Amino acid sequence: MNLDKNTIAALAEHLESAELNARDVTKITDDYPAMDWDDAYAIQEAIRARKEARGNKTVGLKCGLTSRAKMKQMGVDVPCFGFVSDYMSVADGGDIDTTKLIHPKVEAEICVVTKAELKGPGCHVGAVLAAIDFVIPAVEIIDSRYRDFKFDLKSVVADNTSASRFVIGGRSRNADELDLRTLGVVLEKNGQIVAMAAGAAVLGHPAVAVAALVNHLGQRGQVLPAGSFVMTGGVTEAIAVAKGDNVLARFQDLGSVSMRFV
Ligand code: OOG
Ligand code: MG
């Protein structure tokens, strides 16, 4: 760690205020170039603590930048991890208020809910598949607090990996009824196809993203408890949306997820 406690707390407040007031800021590594990975995750943890202290529940964990398309879009080469809170959840078919967001983008994601604890290091796809209770589709609405979505990996980790809203929909299925690698996803905006991919876009298999999350937690002495909701990351590049847009993501064997931006 290169930043002191007060700086971490101040940066958490800075980034969380930007989120809650829908106001963009410059990337924090511009002012704190010495910030390291531990600092970045410590800032994210401090944002989580602020939300929980206010009564918001942490309802899931997310993997980000797990597909080549996303890594290329954002100019980075390793995944990152964050969390989602109760107030970020929007019902399938629901409205998303764009006045509360800065510059939202949508991503189609294959998600899982676990039924057994997972623990790293050494967590692998087999352990993850054994621990999956069910697979469920979602659309994540990311909204980087950084101007023009321009950031480096440490800045985005501190900013809770751009987490903003998410919509769970479709229907749940057992993992053994699905081939998560060949599972097709089609993303539509206003009736037009804007992106498509298969599950293998996510690190070769979406369960690899869950294993990476578990190993990341393991390094920090944490486990992924049974009953966890995990988003494995956008299968395609993220698509910008604005007021008036309708988004529909179709998932092979898992139904569809939709929302309106108002
Ligand atoms: C970072 C968050 C990425 C995903 O699914 O890849 C993410 C960003 O691109 O702003 O959530
Ligand atoms: Mg995402």
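A cavity here is a set of grid points, taken over the protein atoms alone, where a 1.4 Å probe fits but cannot get out. The model shown is predicted. The structure holds two cavities of 30 Å³ or more.

**View 1. The largest cavity encloses about 130 Å³.**
Its lining is made up of 18 residues. Leu65, Lys70, Glu107, Ile142 and Thr161 lie nearest the centre of this cavity. Five elements each give at least two residues to the lining: strand 1 (58-64), helix 3 (68-74), strand 5 (105-114), strand 6 (132-142) and strand 10 (229-234). Strand 1 provides the largest share, with three residues. By class, the lining of the largest cavity counts eight nonpolar, five polar and five charged residues.

**View 2. Ligand 1 sits in the largest cavity.**
The ligand is surrounded by 17 residues. The closest are Leu65, Lys70, Glu107, Ser162 and Gly234. Leu65, Lys70 and Glu107 are also among the residues nearest the centre of the largest cavity. Strand 1, helix 3, strand 5, strand 6 and strand 10 each place at least two residues in the shell around ligand 1. Strand 1 gives the largest share of that shell, three residues. The shell has seven nonpolar, five polar and five charged residues.

**View 3. Side chains of Lys70, Glu107 and Ser162 make polar contacts with ligand 1.**
A polar side-chain atom of Lys70 lies 2.7 Å from an oxygen atom of the ligand. For Glu107, the distance from a side-chain N or O atom to an oxygen atom of ligand 1 is 2.7 Å. For Ser162, the corresponding distance to an oxygen atom of the ligand is 2.6 Å. The protein covers 100% of the 320 Å² of accessible area that ligand 1 has on its own.

**View 4. The second largest cavity holds about 50 Å³ of space.**
Its lining consists of Leu15, Glu16, Glu19, Ile47, Lys51, Arg145, Asp159, Asn160 and Ala163. Helix 1 (5-20) and helix 2 (37-53) are the elements that supply two or more of these residues. Helix 1 has the largest share, three residues. By class, three residues of this lining are nonpolar, one is polar and five are charged.

**View 5. The largest pocket offers about 330 Å³ of space.**
Of its 23 lining residues, Arg48, Thr58, Leu61, Leu217 and Gln222 are the closest to the centre. Helix 2, strand 1, strand 2 (80-85) and helix 6 (206-219) are the elements that give two or more residues to the lining of this pocket. The lining of the largest pocket comprises 12 nonpolar, eight polar and three charged residues.

**View 6. The second largest pocket has about 210 Å³ of space.**
The residues that line this pocket are Trp37, Asp38, Tyr41, Val78, Pro79, Cys80, Phe81, Val157, Ala212, His216, Gln219 and Arg220. Two or more residues come from each of helix 2, strand 2 and helix 6. By class, the lining of the second largest pocket has eight nonpolar, two polar and two charged residues. Helix 2, strand 2 and helix 6 also give two or more residues to the lining of the largest pocket.

**View 7. A cis peptide bond joins Gly120 to Pro121.**
Omega for this bond is near 5°. Pro121 is found in the loop between strand 5 and helix 4 (125-131). Strand 5, at one end of that loop, also supplies at least two residues to the lining of the largest cavity.

**View 8. Asp148 has a positive phi, in a residue other than glycine.**
The value is near 55°. Asp148 lies in the loop between strand 6 and helix 5 (153-158). Strand 6, which bounds this loop, supplies at least two residues of the shell around ligand 1.

How values were computed. Residues are numbered from 1 along each chain as its sequence is written. Chains are lettered from A and ligands numbered from 1 in the order in which they are written. This is a predicted model: local features need pLDDT of at least 70, side-chain atom pairs count only at pLDDT 80 or more; totals for chains, interfaces and linings use all residues. Side-chain values use heavy atoms; hydrogens and water are left out. On a 1 Å grid over the protein atoms alone, a cavity is a set of points where a 1.4 Å probe fits but cannot get out, and a pocket is an open set with protein on both sides within 12 Å along at least five of seven lines; lining residues have an atom within 4 Å of a point. Grid points are joined across faces, edges and corners, and a volume is the space filled by probe spheres set on the points. Helices (H or I, at least four residues) and strands (E, at least two) are DSSP runs, numbered from the N terminus. Ala, Val, Leu, Ile, Met, Phe, Trp, Tyr, Cys and Pro count as nonpolar, Asp, Glu, Lys and Arg as charged, and the others, Gly among them, as polar. A residue is near a molecule or strand if one of its heavy atoms lies within 4 Å of it. A polar contact is a pair of N or O atoms within 3.5 Å; within protein, one must be able to donate a hydrogen and the other to accept it, and residues adjacent in sequence count only if both atoms are side-chain atoms. Accessible areas come from the Shrake-Rupley method with a 1.4 Å probe; for residues, only the protein chains shown count as cover. A molecule sits in a cavity or pocket if more than half of its atoms lie within 2 Å of its grid points.
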